[in-house]
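Trainee: I'm new to reading protein models, so could we go through one together? I'd like to ask questions as we go.

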Amino acid sequence: MGNGIRMVAFDGDDTLWRSQDYFDAAQLEFEQIVGGYVDVTDARVSERLYAFEKANLAWFGYGVKGMALSMIEAAVEITGQRVSAADVSRIVGLAKDLLRHPVELLPGIRDAVAAVAARHDVVLITKGDLFHQEAKVRDSGLADLFRRIEIVSEKDPATYARLLEEFGIAAGQFVMVGNSLRSDIAPVLSLGGWGVHMPYHTTWSHENEASIDAGSERMRSVHSPAGLPEAVAAISALADA
């Protein structure tokens, strides 16, 4: 085991298991509901819903419950308070369906995490609703691979700095693997750590809001879980140099 990299952390949603697909499907259903009252395109329903979601992050945090409350608030405003109680109930139903959806691992991810865990300590750092994330971790069947599981309300430099202090390691000894440049890669690079970006085919707009040097030597990009062990090994070699 190399002395340079001491720990590799993995994101949860859309890195280990599918997530955004379900949110995208729920938003389409929401737009169909609101479309019974207004022209979806003219009313800029998608854009206005995102505005509510972004504004409400400070109040509700990330996850299904915050999305559902934002959907209700958006529906009331967009329809000029004409949305029916029955349709508000349908929106609540969308949230319950999201909370019940099965955990579907990305193909090959367990083998990839196990391969990395054979050479480094691995931890899970995921954000969102505590109960929902705990359920996903439990149902994923991956918990046994991780030394620690951290569920946080935000993934920013301050959060990572706190976790690194708790882990007892320097940023230069830490690699974060995830699909979000904003949450998984940029804050870790800013601290002097390393990142492996594995884009997912769909990403929430908020997670694309990041300014990052794509050519950074501290970051690698892979297109599937199969590439993760090699990417981490390449970073480990650089860190050991």
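Trainee: How many Å apart are the mean positions of the positive and negative charges of the protein chain?

Mentor: Count Lys and Arg as positive and Asp and Glu as negative, leaving out His and the chain ends. Each charge is placed at NZ of Lys, CZ of Arg, CG of Asp or CD of Glu. With 22 positive and 34 negative charges in the protein chain, the two mean positions are separated by 3 Å.

Trainee: Before I go on, what kind of model is this, and how are things numbered?

Mentor: Residues are numbered from 1 along each chain as its sequence is written. Side-chain values use heavy atoms, without hydrogens and water, and this is a predicted model: local features need pLDDT of at least 70, side-chain atom pairs count only at pLDDT 80 or more, and totals for chains, interfaces and linings use all residues.

Trainee: How many helices and strands does the protein chain have?

Mentor: Let's use DSSP runs, numbered from the N terminus: helices are H or I with at least four residues, and strands are E with at least two. By that count, the protein chain has six strands and nine helices.

Trainee: Why is the protein chain called as compact as a globular protein of its length?

Mentor: Take the radius of gyration over C-alpha atoms and set it beside the globule rule, 2.2 Å times the number of residues to the power 0.38. For 241 residues the rule gives 18 Å, and the chain is close to that, so it counts as compact as a globular protein of that length; its radius of gyration is 19 Å.

Trainee: What percentage of the residues count as buried?

Mentor: Buried means under 20% relative accessible area, exposed means over 50%, and partly exposed is in between (1.4 Å probe, protein chains only). Among the 241 residues of the protein chain, the buried share is 49%.

Trainee: Is D14 buried or exposed?

Mentor: First find D14 in the loop between β1 (7–10) and α1. D14 has a positive phi of about 65° although it is not a glycine. Its relative accessible area is 6%, so D14 is buried.

Trainee: Which residues is D14 in contact with, leaving aside its neighbours within four places in sequence?

Mentor: Contact means heavy atoms within 4.5 Å. With those neighbours set aside, the partners of D14 are S19, Q20, L106, N179 and Y200.

Trainee: What about R44: where is it, and what is its phi?

Mentor: R44 sits in the loop between α1 and α2. At 42% relative accessibility, R44 counts as partly exposed. R44 is not a glycine, yet its phi is positive, at about 50°.

Trainee: Which side chain does D21 make a polar contact with?

Mentor: D21 lies in helix α1 (residues 20–34), and D21 counts as buried because its relative accessibility is 15%. A polar contact is a pair of N or O atoms within 3.5 Å; within protein, one must be able to donate a hydrogen and the other to accept it, and residues adjacent in sequence count only if both atoms are side-chain atoms. At 3.3 Å, the side-chain partner of D21 is R18.

Trainee: Which residues is E31 in contact with, again leaving aside neighbours within four places in sequence?

Mentor: E31 is in helix α1 too, and at 16% relative accessibility E31 counts as buried. Its C-alpha is 9.6 Å from that of M71, 40 residues apart along the chain. Beyond the neighbours set aside, the contacts of E31 are V40, V45 and S46.

Trainee: Which side chain does K127 make a polar contact with?

Mentor: K127 is in strand β2 (residues 121–127). Since its relative accessibility is 11%, K127 counts as buried. The polar partner of its side chain, at 2.7 Å, is the side chain of S183.

Trainee: What do the buried residues of α6 pack against?

Mentor: In helix α6 (residues 130–140), the buried residues are H132, Q133, A135, K136, V137 and S140. They pack against α3 (64–78), α4 (85–100), β2 and β3 (148–152).

Trainee: Which residue caps the N-terminal end of α6?

Mentor: After α6 comes G141, with a positive phi near 75°. At the N-terminal end, a side-chain oxygen lies 3.3 Å from the backbone nitrogen of F131, and the capping residue is D129.
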